[in-house]
Amino acid sequence: MLKLLTIETSCDETAVAVATDEPRILASVVASQNELHDEFGGVVPEIAARAHVRQIVPALHEALDRSGTALSEVGAVAVSTAPGLPGSLAVGLTAAKSLAFALGVPLVAVNHLEAHVYACLPSLWPDRSRGLEYPMPVADNQVFPCVGLVVSGGHTSLYHCRSPLAFELLGATTDDAAGEAFDKVAQLLGLGYPGGPAVERAARGGDPARHALPRAFLHDPRLDFSFSGLKTAVLYGLAPPSAPQGHARPGTPLDVEHLRRPAGQELADWAASFQEAVVDVLVAKSRQAVRRVNAGRLCVGGGVAANRRLRDRLVGMADEESIQLVIPPLCLCTDNAAMMALAVEKLRIGKTDGLDVEANPRPERQR
Ligand code: KG4
Ligand code: ZN
């Protein structure tokens, strides 16, 4: 049995896991940085990179200890090299290269968005009952072939995934990611970071039809997304009627300081209307993608997959389209290193990387 050490530091989680080649997860450690970025309402790249430098070695120790693995037992090292924040990726990649060099074992570079789809493999889940397999259960531990939807703070992408090693990008966001829109709108509404859970909580009891907000590309055949106009529409909606001319009007910068802060039912209505607009688009584009490639399965990953409204609406869509829907447990939706066990599929066919491999921070559509 090969033991694989996996490292994921693409954004603001310092994550290390130990996996077997089944694959099964022996230990998965995620050191969050949420409290460091809270006051800025979003991830500050410089702060994230420095925190990874502090946290990476303790996280490595903890993953090895918890899995009862000696460094000498590690048979390969996997690391996310794309996409992500350059400074953050560099910390994980340097740690992985150093370990692979010192131990004399293979290094495997993994695209962390592809790993988000791989996280839908039930054998990776710590407790199967906490994932969403609809209709229940996924009897065959299968993920591929599928359409993969990755919705996180940094990415909103749809893939046609024929196998663990054949991902085709079908579409992606042209500006903000869905999670980023949640975070920015949370800031406008005076809620904390991360914004997704805060907006979801605030939306309870709200009327999703109260505000007519834009749904970009909804009837467009392209499978791309755009969320920046939605965020701006919320900004204009919150601008006080007495705002000086030009304040919070098209072409002027965000002036969060002078916005009205809705409360009570008004806050709930704004949060619910915004959430519904995001969910409408994500569900519609996923349905379009499934139909286009004639997929029988939709696998969802990324932090936004935690959203209850999105989950419920995806279940409804899966029913209508007669497809299987898989959403991993929450700890495998958000950034983690367990999903990096995708590397075992590469190892199986000898697809390893040299110690000169570089990080590629750019989103896929810009490559
Ligand atoms: O995948 P993730 O942990 O990190 C990356 O961005 O790679 O995703 C974090 C994102 C944040 O933008 C956060 O606001 C969003 O996922 N999120 C949610 C919810 N929980 C987390 N968005 C909507 N509803 C949620 N319940
Ligand atoms: Zn991610």
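## A walk through the predicted model

Asn294 is exposed, with a relative accessible area of 70%. Keep in mind from the start that this is a predicted model. Asn294 sits in the loop that runs between helix H8 (264-293) and strand S10 (297-301). What makes this residue worth a look is its backbone: phi is positive, about 55°, although Asn294 is not a glycine. Most residues other than glycine have a negative phi.

Ser322 tells a similar tale. Its phi is near 55°, again a positive value in a residue other than glycine. You'll find Ser322 in the loop between helix H9 (308-321) and strand S11 (324-327). Is Ser322 buried or exposed? With a relative accessible area of 67%, Ser322 counts as exposed, because the cut-off for that class is over 50%.

While we're on the backbone, let's turn to peptide bonds. Most of them are trans. Here, though, the bond from Glu22 to Pro23 is cis, with omega near 5°. Pro23 belongs to the loop between strand S2 (13-20) and strand S3 (25-32). Another cis peptide bond joins Tyr134 to Pro135, and there omega is about -5°. Pro135 is in the loop that links strand S6 (132-134) to strand S7 (146-151).

Follow the chain on from Pro23 and you get to strand S3, where Leu26 is found. Leu26 has 27% relative accessibility, so this residue counts as partly exposed. Which residues does Leu26 touch, once neighbours within four places in sequence are left aside? The contacts are Lys3, Val18, Ala19, Thr20, Arg66 and Ser67. Leu26 can also be set against Leu64: the two are 38 residues apart along the chain, and their C-alpha atoms are separated by 9.1 Å.

Now for the metal. Which protein atoms act as donors to the zinc ion (ligand 2)? They are NE2 of His112, NE2 of His116 and OD of Asp335, lying 2.0 to 2.2 Å from the ion. Read along the chain, the donors of this zinc ion have the spacing H-x3-H-x218-D. His112 and Asp335 thus make a pair that links distant parts of the chain, because His112 is in helix H4 (residues 112-118) while Asp335 is in the loop between helix H10 (330-333) and helix H11 (343-348), 223 residues apart. Both of these donors are out of the way of solvent by the accessibility count: His112, at 3% relative accessibility, is buried, and Asp335, at 12%, is buried too.

Stay with His112 for a moment. Leaving aside neighbours within four places in sequence, His112 is in contact with Glu8, Ser10, Ser80, Ala82, Pro83, His155, Asp335 and Met339. Take Ser10 from that list. Ser10 and His112 are 102 residues apart in sequence, and 7.6 Å apart in space from C-alpha to C-alpha.

That leaves the helix packing. Two packed helices are described by the angle between their axes and the distance between the axes. Helix H2 (residues 45-67) packs with helix H3 (residues 86-103) at an angle of about 30°, and their axes are 8 Å apart. That angle makes H2 roughly parallel to H3, because angles under 35 degrees fall in that class. The crossing of H2 and H3 is right-handed. On the H2 side the contact is made by Ala48, Ala49, His52, Val53, Ile56 and Leu60, and H3 brings in Gly87, Ser88, Val91, Ala95 and Leu99. What classes of residue are in this contact? Eight are nonpolar and three polar, with no charged residues in the contact of H2 with H3.

The other pair to look at is helix H5 (residues 178-188) and helix H7 (residues 228-238), which pack at an angle of about 10° with their axes 10 Å apart. H5 and H7 are therefore roughly parallel to each other. Lys184, Val185 and Leu188 from H5 meet Lys231, Val234, Leu235 and Leu238 from H7. Sorted by class, the residues in the contact of H5 with H7 come out as five nonpolar, no polar and two charged.

Conventions:
Residues are numbered from 1 along each chain as its sequence is written. Chains are lettered from A and ligands numbered from 1 in the order in which they are written. This is a predicted model: local features need pLDDT of at least 70, side-chain atom pairs count only at pLDDT 80 or more; totals for chains, interfaces and linings use all residues. Side-chain values use heavy atoms; hydrogens and water are left out. Axes are lines fitted to C-alpha atoms, for helices over the stretch in contact, and angles run from 0 to 180 degrees between N-to-C directions. Helices (H or I, at least four residues) and strands (E, at least two) are DSSP runs, numbered from the N terminus. Angles under 35 degrees count as roughly parallel, over 145 as roughly antiparallel, 65 to 115 as roughly perpendicular and the rest as oblique. A crossing is left-handed if the near helix is turned anticlockwise from the far one by less than a right angle, and right-handed if clockwise. Contact means heavy atoms within 4.5 Å. Ala, Val, Leu, Ile, Met, Phe, Trp, Tyr, Cys and Pro count as nonpolar, Asp, Glu, Lys and Arg as charged, and the others, Gly among them, as polar. Donors are N, O and S atoms within 2.8 Å of the metal (3.2 Å for Na, K and Ca); water is not among the atoms, so sites may look incomplete. Buried means under 20% relative accessible area, exposed over 50%, partly exposed in between (1.4 Å probe, protein chains only).
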